[in-house]
Amino acid sequence: MCGIIGAVLCEGGAGALVDTLGEGLRRLEYRGYDSAGMALVGGDKTIRRARRPGRVRELEQDLGALREGDARTGIAHTRWATHGAPSEANAHPHICNGAVAVVCNGIVENHEELRRAQTEAGFRFTSQTDTEVVAHEICAQVQDGRDLLGAVQAAAAKLKGAYAIGAVAAGEPGRLVGARRGSPLIVGIADGGALIVSDVPALLHVTRDYLVLEEGDVVDIVDGAFTVYDAAGSEVQRELRKSGGDSGAVELGNYRHYMEKEIFEQGRAVADTLEGRLSGGHILEEMFGAGSGALFDRVKFVKCIACGTSFYAAMVARHWFESCGVPCDVEIASEFRYRRHTVPDGALVVAVSQSGETIDTLEALRHARRIGYRDALCICNVAESSLVRESDFVLLTHAGREIGVASTKAFTTQLTALLLLVIALGRRAALAAAAESELVAELRALPTAVARALELNAAVAAVARRFADKRHALYLGRGAHYPVALEGALKLKEISYIHAEAYPAGELKHGPLALVDNDMPVVAVAPNNELLVKIKSNIQEVRARGGQLLVFTAEGAGIRGGDGVTVVEVPSVGDAVSPIVFTVPLQLLAYHVATIKGTDIDKPRNLAKAVTVE
Ligand code: G6P
């Protein structure tokens with residue numbers, strides 16, 4: 001999703017500035033975007049700009065002209081289209097009257113009203129974006145005699161919605177002003193320069209020192225020195241932080257795509273997520289941090305909030321929580337944040353997110369606090385994310401950086417981390433010590449089980465050919481494996497663009513069975529548990545209508561292949577971790593179908609890795 005980098009560099013000239021901003025754009029690419037642009041302010045008090053729909057590498061062809069001259073201030077942006085198609089005209093930076101250039105993340109909700117007023121005032125619009133009004137508003141303030149800082153502060157006061165802004169002015173060549181409300185903005189502090197970025201990894205090629213702007217803050221960077229002001233305009237100090245993040249690019253190695261690499265990293269990622277968190281037949285509660293014991297003692301109800309794949313992880317966890325005697329409810333963050341409801345006593349809100357920057361999840365967490373949730377815990381993969389900063393308790397998944405837009409190792413490590421949380425709360429409810437030991441034993445065996453599931457790669461690649469020319473697919477699962485079916489269907493639609501829907505298998509006859517014919521592949525998730533006999537019946541219902549089945553079942557479950565039924569046997573594991581192991585072949589299936597179709601697997605069309613707008 002949209003990304004911002006801006007910098008004032010006192011040394012190195014325009015070439016170094018273009019390189020710094022360009023590398024920042026490459027580091028923001030993983031978020032997903034469909035156009036990119038850059039603008040520099042020269043010592044001659046002019047703004048030069050390059051913008052393009054498409055990839056950053058395409059924009060790089062246009063950056064040569066920007067390298068000439070003595071510019072030391074610039075802003076750059078990756079845009080994920082919301083208002084207006086991905087085109088050059090809609091790409092950021094937006095320039096107003098040659099005087100002000102602006103990049104903006106988020107959505108300006110009162111843009112129509114501002115556009116009307118600005119049009120009447122004589123401003124001419126050249127894009128369909130909601131953010132061009134920001135450039136005009138700042139420009140109007142500059143024309144009224146304000147300096148860039150005063151202009152951004154005055155303009156920000158008129159904006160509604162969630163946004164982060166970076167602005168430069170032709171008349172002030174060494175100045176860069178940033179402002180945030182709702183969307184994150186980070187200030188990087190380097191020798192002889194300072195930067196603004198929307199995401200910490202985008203500044204690690206320059207510096208590890210940074211601070212996070214708070215709601216309503218404005219940062220004024222002049223010739224590499226910076227000052228932060230709060231929403232009331234008072235100068236404030238924000239905590240200086242040092243990033244421990246990996247500054248290098250993630251290498252692809254021998255893999256064709258990051259998604260493939262990340263699928264195959266799952267044995268290691270799960271092992272890393274468990275590292276130092278188990279002891280004998282127990283979990284070590286220290287992983288949740290100081291005060292967590294007292295927290296867990298008072299928890300009587302768990303509310304999980306999440307989006308996308310993370311939501312499906314929480315859906316699996318609900319089965320685990322409830323089977324350990326912990327009442328649990330799971331809700332899509334974008335629904336929860338606008339819903340009134342009663343908060344039960346002893347309620348803990350658990351936000352699950354790979355990125356920790358998904359705006360709906362962040363807003364849902366804030367909403368939870370407003371309506372009376374006293375305690376918030378997050379399960380997150382990014383230590384330096386907004387969600388981690390805003391949560392009282394944190395359990396990090398140690399998946400490592402996930403680049404592929406379609407989430408894989410984040411999901412299996414979220415499930416691993418959630419199971420640790422289930423044990424911590426379950427041992428205070430109906431989970432007996434012996435049962436805890438069994439769960440811990442299942443967790444210890446998990447990395448090996450995942451590695452064995454990955455050995456199904458060739459078998460799954462072979463069946464994937466049958467899906468490549470299909471337009472639709474149905475996925476079926478039951479119990480804790482229903483969310484696994486949902487996740488499998490999501491993977492297929494995200495990267496192969498085949499319409500795929502998952503149903504609880506028992507629901508088949510209440511509608512979706514009408515879709516089944518010999519052109520509708522049906523994927524069934526059939527572990528060897530107490531629901532096996534039920535899903536076997538559902539498989540027969542599909543077969544009786546000519547449906548072509550691909551059944552992922554456990555070794556020894558007794559489902560045999562034959563006419564219209566292909567069986568892939570998944571390693572047999574304990575009941576609790578079974579959803580994690582069954583996820584692996586479903587990821588492989590989607591991956592192989594997409595490779596056959598030749599789609600852009602790591603950056604599927606229209607999707608973003610970190611969804612920072614509503
Ligand atoms: C986007 C990503 C998904 C992800 C979802 C939630 O849609 O493409 O892969 O599951 O956001 O993201 P989060 O970072 O909060 O887990």
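# Sheets, hairpins and a ligand shell

Trainee: Helix α1, residues 13-28: which strands does it lie across?

Mentor: α1 lies across β1 (3-9), β2, β4 (73-79) and β10 (193-197). Its direction makes about 160° with that of β1. Keep in mind that this is a predicted model.

Trainee: OK. And what order do the eight strands of that open sheet take?

Mentor: Follow it across: β3-β2-β4-β1-β10-β9-β11-β15. The pairing is antiparallel.

Trainee: Which strands are at the edges there?

Mentor: β3 (47-53) is one edge strand and β15 (241-242) is the other. Each of them pairs on one side only.

Trainee: Stay with β3. How many bridges does it share with β2?

Mentor: Seven bridges pair β3 with β2, which spans residues 35-41. The sense is antiparallel. To fix the register, take A39: its bridge partner in β3 is R49.

Trainee: What about the loop between β2 and β3, which residue should I look at there?

Mentor: Look at K45, which lies in that loop. K45 has a positive phi of about 60°, although it is not a glycine.

Trainee: Another backbone check. Where does the peptide bond from H92 to P93 stand, cis or trans?

Mentor: The H92 to P93 bond is cis, with omega near 0°. P93 sits in the loop between β4 and β5 (94-96).

Trainee: Switching to the ligand. How many residues surround it, and which are closest?

Mentor: The ligand has 13 residues around it. The closest are S310, S353, Q354, S355 and T358.

Trainee: Which helix gives the largest share of that shell?

Mentor: That is α10, residues 308-323, with three residues.

Trainee: And by class, what does the shell look like?

Mentor: Eight residues are polar, four are nonpolar and one is charged.

Trainee: How far is a polar side-chain atom of T358 from an oxygen atom of the ligand?

Mentor: The T358 distance is 2.5 Å. There are backbone contacts too. A608 puts a backbone N or O atom 2.8 Å from a ligand oxygen. For V405, a backbone N or O atom is 3.2 Å from an oxygen of the ligand.

Trainee: So how much of the ligand does the protein bury?

Mentor: The protein buries 90% of the 390 Å² that the ligand exposes when taken alone.

Trainee: Next sheet. What is the order of the five strands in the parallel one?

Mentor: β24-β23-β25-β26-β27, again as an open sheet. All of this is about pairing in the parallel sense.

Trainee: Why is one side of β24 and of β27 left without a neighbour in the sheet?

Mentor: Because β24 (499-504) and β27 (565-570) stand at the edges and each has a single partner strand. From one strand to the next, the twist averages 20°.

Trainee: How many bridges join β26 to β27?

Mentor: Six bridges join β27 to β26, residues 548-554, and the two run parallel. For a reference pair, F552 stands opposite V568 in β27.

Trainee: Which strands does helix α17 touch on that sheet?

Mentor: α17, residues 482-496, touches β23 (472-477), β24 and β25 (521-526). Its direction makes about 175° with that of β24.

Trainee: Last topic, hairpins. How many residues lie between β12 and β13?

Mentor: Two residues lie between those strands, and D223 takes a positive phi near 50° in this hairpin. β12 (218-222) and β13 (225-229) pair antiparallel over five bridges. I221 has F226 in β13 as its bridge partner.

Trainee: Then β13 goes on to β14. Which residue in that turn has a positive phi?

Mentor: G233, at about 90°. The β13 and β14 hairpin has five residues between its strands. β14 covers residues 235-236 and pairs with β13 over two bridges, antiparallel. Y229 stands opposite E235 in β14.

Key. Residues are numbered from 1 along each chain as its sequence is written. This is a predicted model: local features need pLDDT of at least 70, side-chain atom pairs count only at pLDDT 80 or more; totals for chains, interfaces and linings use all residues. Side-chain values use heavy atoms; hydrogens and water are left out. Two strands pair if DSSP finds at least two bridges between them. Helices (H or I, at least four residues) and strands (E, at least two) are DSSP runs, numbered from the N terminus. Contact means heavy atoms within 4.5 Å. Axes are lines fitted to C-alpha atoms, for helices over the stretch in contact, and angles run from 0 to 180 degrees between N-to-C directions. A residue is near a molecule or strand if one of its heavy atoms lies within 4 Å of it. A polar contact is a pair of N or O atoms within 3.5 Å; within protein, one must be able to donate a hydrogen and the other to accept it, and residues adjacent in sequence count only if both atoms are side-chain atoms. Accessible areas come from the Shrake-Rupley method with a 1.4 Å probe; for residues, only the protein chains shown count as cover. Ala, Val, Leu, Ile, Met, Phe, Trp, Tyr, Cys and Pro count as nonpolar, Asp, Glu, Lys and Arg as charged, and the others, Gly among them, as polar.
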